[in-house]
Amino acid sequence: MLTVQKSGRYVRVGTEEYPLATPGGHWALWSRTPVLGFRKIGSGYVRNIAPDEQLECYRVEHRGTYRGIPVTVEPGGGASGGGEPDRGEPGRGESDGGALVRLGTGDSRAAEQGFERVGFERPELQLWLKFVAVDDRELRFTTTRTPEPMPWAAPSDESRRTPAPRAVPRVPEGEPSEWGAFTLRLITALRGVTDRVFLIVSVEDDPLRYVQFAGGPDALSVEAPGIDVVVDADESVLRAAGWEPPGVAQRNWTTELSLPAYAIEYRELAERCVAALRDAYGLKSPDVLAHRAWRDPEQLPPGEERSPERLASLDRGEASLVFSGLGRALS
């Protein structure tokens, strides 16, 4: 059966390749299955990478066209009938996904080809998604493996003497600054962005300057607009802070936090968002911010019987949630 590997950064060790992870702030190899020398963390197994370890690092991506529409291709997790894909990580020596793949695009022509619009309440930022068979004759795509520098590599003697300035702000020791205090409040709020919870933090009088969060069962996905939305945004700050640049199917800059996460990972994510708001979008103070949040209704898993009792047990969601310390709550 044809399969598609999940996109992302990988490291090759001998004949095996592993997803690159950062549990506890340390660069590590990740595997779904037990591997000699790996330790159990959460739903998988990891092995830290030594700073002087020389390994091949690269990024895997799948891009192509479907009925003339540019798309990105991701594993469909074996779902059928457009069901929710598996959010798990690929394991050692295996390819995630199954008979189906998930196509994504920002091209509005996708509506005529059976794609469904998903995402946040802002229509201009929503994506079009569709599940098709990986061997669909109308799907053409290629897989690229682009070499990348080893992010865990120890700095050279020269870089130790002249360290590059840190783009992501750190909360200072002692009495926190105005933005430092906001960072701490955001860290607390992010722990509340759980499955089906959505949070948008934006400038109250200029709502196009925002960061938005989508909680899933296994990941917290985050987006921030670039110069196509905020014309004076400093995208060099977004890049330096660790945001992923826009692609064919995603017009925003993105980042993601795998769950469950360590405290340091929540902190790094909050700092990345502060870098976007304060430095990329030029906000002078967090006092200009407001937020909107809600929780989507719970949906029945695909194929489950829709009995009255089961439907009554589903969480109906909540139209408005309030997160303390993130500015005025908008309805």
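**A mixed sheet, its covering helix and two nonpolar cores**

In the predicted model, strand β14, which spans residues 219-224, pairs with β15 in the antiparallel sense, and six bridges join the two. Within this pairing, L220 has L257 of β15 as its bridge partner. Both strands belong to an open sheet of six strands with mixed pairing, whose order is β15-β14-β13-β12-β16-β17. The edges of the sheet are occupied by β15 (253-258) and β17 (328-329), and because each of these has a single partner strand, one side of each is left without a neighbour in the sheet.

Elsewhere in the sheet, β12 and β16 are also antiparallel, and their pairing extends over seven bridges; here L199 has A293 in β16 as its bridge partner. The pairing of β16 with β17, by contrast, is parallel and consists of two bridges, with A290 standing opposite R328 in β17. Strand β16 is mostly covered, since five of its seven residues are buried.

Helix α4 comprises 18 residues (263-280) and reaches 25 Å from its first C-alpha to its last, a span close to the 26 Å expected at 1.5 Å a residue. Many positions along α4 are buried, among them Y266, L269, V274 and L277, and the buried set also includes the charged residues E265, E271 and R272. The helix is followed by G282, whose phi is positive, near 75 degrees.

In soluble globular proteins, nonpolar side chains tend to be buried together. The largest nonpolar core of this model holds 41 residues, of which F213 and W243 touch the most other members. At least two residues of this core come from each of α2 (178-190), β12 (197-203), β13 (206-215), β14, α3 (235-240), β15, α4 and β16 (289-295), and the greatest share is that of α4, which gives nine residues. When neighbours within four places in sequence are left aside, the contacts of W243 include V211, V222, L238 and W253, together with R272, C273 and A276. The last three of these residues are among the buried positions of α4. A second, separate core consists of 13 residues, including V4, I69, A110 and V134.

Two cysteines can be placed with respect to burial. C273 has a relative accessibility of 0% and therefore counts as buried, and C57, at 4%, likewise counts as buried. A disulfide is a covalent bond between the sulfur atoms of two cysteines; a search of the whole structure finds zero disulfides.

Definitions and conventions:
Residues are numbered from 1 along each chain as its sequence is written. This is a predicted model: local features need pLDDT of at least 70, side-chain atom pairs count only at pLDDT 80 or more; totals for chains, interfaces and linings use all residues. Side-chain values use heavy atoms; hydrogens and water are left out. Helices (H or I, at least four residues) and strands (E, at least two) are DSSP runs, numbered from the N terminus. The expected span of a helix is 1.5 Å times one less than its number of residues. Buried means under 20% relative accessible area, exposed over 50%, partly exposed in between (1.4 Å probe, protein chains only). Two strands pair if DSSP finds at least two bridges between them. A nonpolar core is a set of buried Ala, Val, Leu, Ile, Met, Phe, Trp, Tyr and Cys residues joined through side-chain atoms within 4.5 Å. Contact means heavy atoms within 4.5 Å. A disulfide is a pair of cysteine sulfur atoms within 2.5 Å.
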